[in-house]
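Good morning, and thank you for making time for this presentation. I shall go through one structure in order, from the single chain to the pair and then to the DNA.

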2 protein chains.
Amino acid sequence: MDPTPKLRMTTQRQVIMEELRKVKSHPTAGELCQMVRRRLPRISLGTVYRNLDILSRSGMIQKLDVAGQEMRFDGDIRDHYHLRCLECGGVSDVDLALLTDIDQQVEEASGFEVLGHRLEFVGRCQACRRDKKVN
Amino acid sequence: MDPTPKLRMTTQRQVIMEELRKVKSHPTAGELCQMVRRRLPRISLGTVYRNLDILSRSGMIQKLDVAGQEMRFDGDIRDHYHLRCLECGGVSDVDLALLTDIDQQVEEASGFEVLGHRLEFVGRCQACRRDKKVN
DNA sequence: CATTATTTAGGAATCATTATTATGGGAGAA
DNA sequence: TTCTCCCATAATAATGATTCCTAAATAATG
């Protein structure tokens, strides 16, 4: 019932959130752990995982279940789409208006109760296009 | 260069493809292994994984990198979208026309070279809606 | 058939993630 | 302040999906 029952703001939790919000990349738990360790050298990877989970559950950050094998995290909680570069593996934001009517459309066509959708693009980022080799 | 350089068709490979094409579900490697074992009881899970990879690379089946922790496979190689039921975890096909212009749209807006997109819906399937409890 | 390269079964290894457990620190009561 | 109590942490073990490894089996080819 209580939206934020007991969210003790520990140093670790604070720093994790700060570091995540600093960057526009969408780091994995491991990457973020490295970033946080510059300020808290003794932090455990398990602590990072647990706090990322808590923070995303409470709506303060976003957990991105993008394609690939590793979960990624986003300090920007606004709903938006992403683009993955196949070459460098990076994940960037896409400035595209949200598709608002397809959920309704699919719901009517399929008989499913559609709660949302996930759209992501794959391609090559500008940096990787620049140093294009013959491959 | 050669589109199908040397694709030896072994019994295992044949059966894996047949069993996958039989079903409309989108089984995981483990599930498919169980199915295949009804005909080839001694098949190894590693063999299933390797052949699913080979078959998808050669374009004979589709590897679905849908959200969640397990890879899923589709015998239908036509490009189409999917819907995941949050309750039972099943993955179904969605009968929705492909979004053809957004790739171009995103490419122009972002400067990325957009090669494609992945769209999937989340919701509750008809079966799970039927036995709706108060939860 | 005999040769040769590929494939298989089985198990070990890997990688991301989650669970476990003993320890430590903070908030509130006495 | 000092004592509890509870939650958080660090470190590590455990899990689960996937990949890798190796000797033995098997398909293609002549």
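What percentage of the 135 residues of chain A count as buried? The answer is 23%. Please keep in mind throughout that this is a predicted model.

Let me begin with the overall layout of chain A. Five helices and five strands make up its secondary structure. Read from the N terminus, the order of elements is α-α-α-β-β-β-β-α-β-α. Along the principal axes, the C-alpha atoms of chain A fill a box of roughly 55 × 50 × 25 Å. If we take the contacts in chain A between residues at least 6 apart in sequence, 46% of them join residues at least 24 apart.

I turn now to the helices at the start of the chain. Helix H1 of chain A comprises 12 residues, 11-22. At 1.5 Å a residue a span of 16 Å is expected, and the end C-alpha atoms are indeed 16 Å apart, so the two values agree.

Which residues of H1(A) are buried? They are Ile16(A), Glu19(A) and Leu20(A). Because these residues cover an arc of only 100° around the axis, they sit on the same side of H1(A). A general point about helices is useful here: an α-helix has 3.6 residues a turn, so residues three or four places apart point the same way. On the other side of H1(A) we find Thr11(A), Gln14(A) and Lys22(A), which are exposed. As for what the buried residues of H1(A) pack against, the partners are helix H2 (29-37), H3 and strand S2 (72-74) of chain A.

Helix H2 of chain A can be described in a similar manner. Its buried residues are Ala29(A), Leu32(A), Cys33(A) and Val36(A). Seen down the axis of H2(A), these fall within an arc of 105°, so they line one face of the helix. The cover over the buried residues of H2(A) includes H1, H3 and S2 of chain A.

One residue of the next helix deserves a word. Tyr49(A) belongs to helix H3 of chain A. Tyr49(A) counts as partly exposed because it has 15 C-beta neighbours inside 10 Å. Tyr49(A) and Ala29(A) are 20 residues apart along the chain, yet their C-alpha atoms are separated by 6.3 Å. Ala29(A), as I said, is one of the buried residues of H2(A).

Let us move on to the pair of chains. A turn of 179°, with a shift of 0.0 Å along the axis, lays chain B on chain A with an RMSD of 0.1 Å. The two copies are therefore related as by a two-fold rotation axis. Within chain B, the residue closest to that rotation axis is Leu119(B), whose C-alpha atom is at 2.2 Å. The same surface serves both copies, as 100% of the contact residues of chain B recur in chain A.

How many residues of chain B are in contact with chain A? There are 28, and they touch 29 residues of chain A. On the chain B side, the elements that give two or more residues are H4, strand S5 (113-124) and helix H5 (126-130). The largest share, 12 residues, comes from S5(B). By class, this side of chain B divides into 14 nonpolar, seven polar and seven charged residues.

Gln104(B) offers a local view of this part of chain B. It is located in helix H4, residues 102-110. Is Gln104(B) buried or exposed? With 10 C-beta neighbours inside 10 Å, it counts as exposed. Gln104(B) and Val114(B) are 10 residues apart in sequence, with a C-alpha to C-alpha separation of 7.3 Å.

Finally, I come to the DNA. Around DNA strand C there are 22 residues, of which Gly46(A), Met71(A), Gln12(B), Gly46(B) and Thr47(B) come nearest. Two or more residues of this surface are given by each of helix H3 (45-57) of chain A and helices H1 (11-22) and H3 (45-57) of chain B. Its composition is six nonpolar, nine polar and seven charged residues.

DNA strand D is surrounded by 26 residues, and the closest are Thr10(A), Gln12(A), Thr47(A), Gly46(B) and Met71(B). Here H1 and H3 of chain A and H3 of chain B each supply at least two residues. The surface near DNA strand D divides into seven nonpolar, 11 polar and eight charged residues.

Thank you for your attention.

Technical notes: Residues numbered from 1 in each chain as written. Chains lettered and ligands numbered in written order. Predicted model: local features only at pLDDT ≥ 70, side-chain atom pairs only at ≥ 80, totals over all residues. Near = placed C-beta within 6 Å. Helix = DSSP H or I, 4+ residues; strand = E, 2+ residues; numbered from the N terminus. Nonpolar A, V, L, I, M, F, W, Y, C, P; charged D, E, K, R; others polar. Buried ≥ 20, exposed ≤ 12 C-beta atoms within 10 Å, placed from the backbone. Least-squares fit on C-alpha atoms with pLDDT ≥ 70 in both. Contact = placed C-beta atoms within 7 Å. Expected span 1.5 Å × (residues − 1). Arc of directions from axis to C-beta.
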